[in-house]
Amino acid sequence: MNACPGIAERARRDAAHPELRAVALFEGLKGALSLAAATALAFAGAENLQHWTTMLLSRLGASQGLAASSWLQRAINPDSVQLAALAVTAYGLLRFIEAWGLWRARAWASWLGCVSASLYLPFELHASIRHPGWLALGVLAVNLVVVAVLARDLVRRRR
């Protein structure tokens, strides 16, 4: 007789979903990177971001007279930086919630991940066509794998 029947059941359930666990780790990584980026935005502040943007544009050879660069400099202000940090934080928290749900093999998490990853596919396909390269193709391939794993999980649940 097994002293802890719940442990054996949990081990069997976990072994049945290694792909979901892999996607959960990937989503958790995206969540952690998002929270790090949000923290960096919040601590950097508008003045530093404006300075770094100016340096980056000058190194890329962009003239300060260009409409896009002057618009970018005007768009970076304390309110926009706070809003961006808040949006990136929300994205990171959503990725953590999805990762938790996938780790626990919840159907709602597979739906959330499948739908949200599918939303990026047209943009990634466009980027791969317009700017072909290993990075664009790699991002597209990873996202296709994520969608395939989550869609397969949803199809299995319907049976």
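In this predicted model, the side chains of Arg95 and Glu27 meet in a salt bridge, with an N to O distance of 2.9 Å. This pair connects distant parts of the chain: Arg95 belongs to helix H4 (residues 78-103) and Glu27 to helix H2, with their positions 68 residues apart in sequence. Arg95 and Glu27 are both buried.

Glu27 has a further partner, since a salt bridge also joins Glu27 to Lys30, whose closest N and O atoms lie 3.3 Å apart. Here the two residues are three apart in helix H2 (residues 18-59), so about one helical turn separates them. The burial of this pair can be stated residue by residue. Glu27 has a relative accessibility of 2% and therefore counts as buried, the cut-off being under 20%. Lys30, at 22% relative accessibility, counts as partly exposed.

Another salt bridge is found in helix H6 (residues 134-158), which holds both Arg157 and Asp153. The closest N and O atoms of Arg157 and Asp153 are 2.9 Å apart. Because these residues are four apart in the helix, they are separated by about one helical turn. Arg157 counts as partly exposed at 36% relative accessibility, while Asp153 counts as buried at 6%. Elsewhere, salt bridges with shared partners unite Glu27, Lys30, Arg95 and Glu98 in one network.

The three salt bridges described above are set out below.

| Salt bridge | N to O distance |
|---|---|
| Arg95 and Glu27 | 2.9 Å |
| Glu27 and Lys30 | 3.3 Å |
| Arg157 and Asp153 | 2.9 Å |

A search of the whole structure gives five salt bridges, and the table includes Arg95 with Glu27, Glu27 with Lys30 and Arg157 with Asp153. As a general matter, side chains of opposite charge can pair when their charged atoms come close.

These pairs sit within a protein that has six helices and zero strands. Read from the N terminus, the order of elements is α-α-α-α-α-α. The protein comprises 159 residues, of which 28% count as buried; Glu27 and Arg95 are among the buried residues. Of the contacts between residues at least 6 apart in sequence, 67% join residues at least 24 apart. The exposed surface of the protein amounts to about 10,700 Å², and carbon and sulfur atoms supply 71% of that area.

Note on methods. Residues numbered from 1 in each chain as written. Predicted model: local features only at pLDDT ≥ 70, side-chain atom pairs only at ≥ 80, totals over all residues. Heavy atoms only, no water. Buried < 20%, exposed > 50% of the residue type's maximum accessible area, 1.4 Å probe, protein only. Contact = heavy atoms within 4.5 Å. Areas by Shrake-Rupley, 256 points an atom, 1.4 Å probe, with all protein chains shown as cover. Salt bridge = Lys/Arg side-chain N within 4 Å of Asp/Glu carboxyl O.
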